[in-house]
Amino acid sequence: MSLKFVHTLVTKIDATAGRWIKKAGFCCIFYMLLISVSGTAQNREIWELQGSGNSSPFANQFVITQNNIVTAVGDDFFFIQTPEDRADNNDLTSNGIQVFTNVSPNVQVGDLVNVSGRIEEEEDMTRFNNNNLIVSVVGSNQSLPPIIELTPAFPSKNPDFVPELERVEGMLVSFSGFATGPSNSREQVPVTASNQRPFREPGIQFPGISMLPEWDGNPEGFWFDPNGVDQPENRFIAAGMDIEATGVMAQDEDFYFFLPTNYSTSGQGFLAPVRQKAADEITIGSINLLILVPDTENYTRKLRKLSKYIVESLGTPDILAVQELGNFTALISLRNFITQENPNAGYVAYYEDGPNNIKVGYLAKPSVVQNIEITQLGANEQLTIGGRVHDRPPLLIEGNLMTDPPTPIKVINVHMRSRIGVEGSDASFVRTKRHEQALSVAQMAQDRQDSDLFIVGDFNAFEFTDGYVDVLAQITGAASVGALFDLEDITDPELINHTANVQASERYSFIFEGDAQLIDHCVSTQLTGMEVVEVQFARGNADQPVAFEDNDQIVNRASDHDGFVVFVRPTNPLVNTTAPLTNAELTLLSANPLPKGQSIRIEVKEAGVYDLHVTTATGQIVHQQVVQLGLNEVVLPKQLASGTYIVQAKQDQRSRSWKLLIK
């Protein structure tokens, strides 16, 4: 009698006779028959199948395990666990295991089952394979095994070659903790049962490389999959939300996944704008736009979200450095959308094309910085191993702050090579490129040491060494705890790292696999004509779920980076020559919304000459004229389409704008 015949016969009997036959023990006859026919099946406890290591000592072997309790049921799998009275009480071995059926399982939580099949390691998780799998229900309504509680002490923060969560793989567990990152595109959430948020730390992840700094990898963190075993979906869990759950622990390669059988969430994610600037301050901002490229899916929605974030969260900085910009058209469109949100933004776009499909650029206010010039740096520099040093060449903007007397200022906007590929087959190239980019930017800073120079942007580097290249220390001239690439002596005196002065709990701009990390920075020369008051990050992107990208009515998740603002106080007093026009000088009298075809009425109360422009939401001028003293009316062309328009009056460096809706 073949194994295939036995499996087919058991399946047919199960289908026709029903679950009551199994409960009567009918299928146990076929288990015994299977053992006698195969001669290889072994009757084992689950903790024997799991073993005390990363993989099962019975991998690829055919085994039988009997009288275990079903603890959770998924779409095409279920979990079983050893009853408490047969558990081995060994903390190094798990008493639970997954049974993969590939079809909807015919079991319920609380069933007592016998399972025979082949053990496999699928994505590093020990489980029963569905090939020749036989499941027999021999009881029901069993009491579930005790639930193991995950705590701040378990899993601990100490790395090991056999992770502590391996000890509870497949078992019932519970935790009370919080999300350390937001729901991703697969609706999975990084969490911890610890009471502290995990941050990226210096070094190469455990087990590291001998003689180089080592990072423990934050083993106290794991993943939470809300509907892993048919619980309600939840796409909107933000970092910082509290989670309480009971479920089973699964594994997928190096990651452990908590699959809840029940859970609850509370609280809300981190969402906060930067403060308003003081009257004697100017602001420098930076934000990664997350690939703002025209003619891509949801381009207009991204423009809306980014403009809201820049206005509401970043406070419309006086100089705004942007990264991951598609082209000049995208920058102009962003400026126009910002003008819709804040008609008095007064931005001018500054851009230089580059070789990559994403570039850097600026939006700046000539009312705050005059005589602006831009220069692309390092575009022609070549790597020692061949290729460009800078695919996204740094962009220098320089001008004079409107102080009395004027104060020169310079800013370099950088978007450096990411760490993608820093380990693996392409590692040598990636590490070399990151190192030589850091050398290049360090030289740019050194060449301008006699200036009040800021370097801002997406450095794609931590504020400390990653063990391979210490990008920030190489640029700033600071000391390092070590890296594969030695530091070269370029920057003297040492640059000031202003983002490193942010409160430790707020020192992050990006979240990767639950680890908060600071990769967007602001450094400067030893400033003489100004001082940095503080740096703040505008919360609302890194902590917010990916699903919020679909909603252009809120600022949440406009990008995957949190932007920052540097509050700068010039030594010389700011000149208030650009105070906006007020109601005492001119007033919009027309209704808003304005019925289509009716006239715009602007009352001018103070003597002077004003240039009046009416533009569409995308910046196209549809009407312009000069407005002088007295009551003036501007009649819109009757064929003008309904929509949103910006009405702006200008007088020298002063202006006032209104957002006007025509219906």
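**Figure legends: a predicted chain, view by view**

**View 1. The outside of the chain, in a predicted model.** About 27700 Å² of the chain is exposed, and 48% of that comes from carbon and sulfur atoms. Measuring along the principal axes, you get a C-alpha trace of about 105 × 65 × 40 Å. Of the 663 residues in the chain, 55% are buried.

**View 2. What the chain is built from.** Count along the chain and you'll meet eight helices and 36 strands. Take the contacts between residues at least 6 apart in sequence: 69% of them join residues at least 24 apart. As for charge, there are 47 positive and 81 negative ones, and their mean positions lie 9 Å apart.

**View 3. An open sheet of six strands.** Read across it and the order goes β18-β19-β17-β16-β29-β28, with mixed pairing. The edges belong to β18 (348-351) and β28 (530-537); each has just a single partner strand, so one side of each has no neighbour in the sheet. From one strand to the next, the twist averages 20°.

**View 4. Zooming in on β16 and β29.** Here β16 (residues 282-292) runs antiparallel to β29 (residues 564-570), and the two pair over five bridges. Look for Gly285: it sits opposite Val565 in β29.

**View 5. Two helices packed on the sheet.** Helix α5 (residues 299-313) touches β16 and β17 (319-325), and its direction makes about 160° with that of β16. Helix α6 (residues 328-341) packs on the sheet too, touching β16, β17, β18 and β19 (359-364). The direction of α6 makes about 160° with that of β18.

Conventions: Residues are numbered from 1 along each chain as its sequence is written. This is a predicted model: local features need pLDDT of at least 70, side-chain atom pairs count only at pLDDT 80 or more; totals for chains, interfaces and linings use all residues. Side-chain values use heavy atoms; hydrogens and water are left out. Helices (H or I, at least four residues) and strands (E, at least two) are DSSP runs, numbered from the N terminus. Buried means under 20% relative accessible area, exposed over 50%, partly exposed in between (1.4 Å probe, protein chains only). Contact means heavy atoms within 4.5 Å. Accessible areas come from the Shrake-Rupley method with a 1.4 Å probe; for residues, only the protein chains shown count as cover. Lys and Arg count as positive and Asp and Glu as negative; His and the chain ends are not counted. The place of a charge is taken as NZ of Lys, CZ of Arg, CG of Asp or CD of Glu. Two strands pair if DSSP finds at least two bridges between them. Axes are lines fitted to C-alpha atoms, for helices over the stretch in contact, and angles run from 0 to 180 degrees between N-to-C directions.
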